[in-house]
Amino acid sequence: MKHSLSFRRYLLVILTTLSILLGLFSIPIVSCKAAARSTGKTVSRPKITLNTRQISMENGEIFSLRASVSNGTCPVYRSNKKGVAVVDSNGVITACKPGTAIISVKAAKTTVTCRVTVKKPVIKLNHIYAKLFRCQQIQLTAEVSSGIQPSWKSSRPRIATVNDNGLVCARKHGTTIITAKADGVSKTCEIEVESPTIRISSTSLTMKAGETRTLDYMVSSGNAPLIKSNKPNIVQVDQLGNLTARSAGTAVISFTEDGTKETCTVRVLK
């Protein structure tokens with residue numbers, strides 16, 4: 001019985017001593033943020049490395065901006081001028097029009113930028129001057145460095161027109177300027193529509209009433225002229241130059257084509 005009491009007292013002493021020791025050497029658990037606040041230290045910002053900090057592009061061109069973040073987080077891409085260049089969530093930049101845009105790449109509290117310059121294109125025309133006659137055509141082609149299709153315009157459509165593909169059609173004598181334009185850059189071609197020359201086989205004839213004759217002609221443009229008699233009751237004429245004298249008198253036969261006129265005076269005797 002005495003031994004049992006002694007053993008219990010011995011255990012009680014040991015347990016009391018252990019509890020005191022545990023109380024002295026226990027370490028409180030503190031969060032990382034709390035520890036940082038208590039020490040006055042801040043968590044370091046991640047470092048972002050780009051494959052380029054500036055790039056020159058042309059409209060429609062695509063470039064992949066790659067970002068390496070030191071802590072492995074995914075960066076966020078943003079363009080400050082989406083009309084000039086846009087960027088998707090993977091860093092793929094697409095040029096939209098000439099100008100300058102800043103692409104920002106952000107991870108945590110770190111931001112780095114890439115300057116994007118979208119250049120104006122270079123345009124080359126296959127002709128800068130051409131001569132045509134009425135109804136003739138010429139195909140203009142524009143080589144644009146950015147690869148986009150240019151717009152076409154004639155300064156005087158009544159002289160010559162141009163369609164969306166650069167096909168020019170001459171309408172009447174005169175001069176016009178054909179302009180190819182892309183992204184604010186223009187190149188021009190001067191189109192001169194010439195008046196043709198007309199030659200006729202005779203400038204004066206004498207005929208008898210009832211007689212027929214033919215006036216031969218040649219037009220440099222290859223277009224058929226308008227042939228007309230000012231007095232068809234005296235001399236009739238068709239569009240092939242065939243004359244018929246009907247009654248005594250004098251008539252003037254005119255050959256007209258796009259601003260050029262030649263005449264033949266026909267005197268009809270009784």
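## Reading strands, sheets and unusual phi values

Me: How much area does the protein expose, and what share do carbon and sulfur atoms supply?

Reply: The protein exposes about 17300 Å², of which carbon and sulfur atoms supply 54%; accessible areas come from the Shrake-Rupley method with a 1.4 Å probe, and for residues only the protein chains shown count as cover. This is a predicted model, in which local features need pLDDT of at least 70 and side-chain atom pairs count only at pLDDT 80 or more, while totals for chains, interfaces and linings use all residues. Residues are numbered from 1 along each chain as its sequence is written, and side-chain values use heavy atoms, with hydrogens and water left out.

Me: What percentage of the residues count as buried?

Reply: Buried means under 20% relative accessible area, exposed over 50%, and partly exposed in between (1.4 Å probe, protein chains only); of the 270 residues here, 32% count as buried.

Me: How many helices and strands are there?

Reply: Helices (H or I, at least four residues) and strands (E, at least two) are DSSP runs, numbered from the N terminus, and the protein has 2 helices and 27 strands.

Me: How should I read a sheet, and which strands form the open sheet with mixed pairing?

Reply: Strands of a sheet pair through backbone hydrogen bonds, either parallel or antiparallel, and two strands are taken as paired if DSSP finds at least two bridges between them. In this structure, 4 strands form an open sheet with mixed pairing, in the order β2-β9-β8-β5. Because β2 (54-58) and β5 (76-79) stand at the edges with a single partner strand each, one side of each is left without a neighbour in the sheet. Strands β5 and β8 run antiparallel and are joined by 4 bridges, and Y77 stands opposite V105 in β8.

Me: Which strands make up the open sheet of 3 strands?

Reply: Its order is β12-β16-β15, with antiparallel pairing. The edge strands, each pairing on one side only, are β12 (137-139) and β15 (160-162). Between β15 and β16 (residues 167-170) there are 3 bridges, and V162 stands opposite V168 in β16.

Me: What is the sign of phi in A108 and in D183?

Reply: Most residues other than glycine have a negative phi, and most peptide bonds are trans. A108, although not a glycine, has a positive phi of about 55°; A108 lies in the loop between β8 (99-107) and β9 (110-119), and counts as exposed because its relative accessibility is 55%. D183, also a residue other than glycine, has a positive phi near 50° and sits in the loop between β17 (174-182) and β18 (185-194), where D183 counts as partly exposed at 22% relative accessibility.
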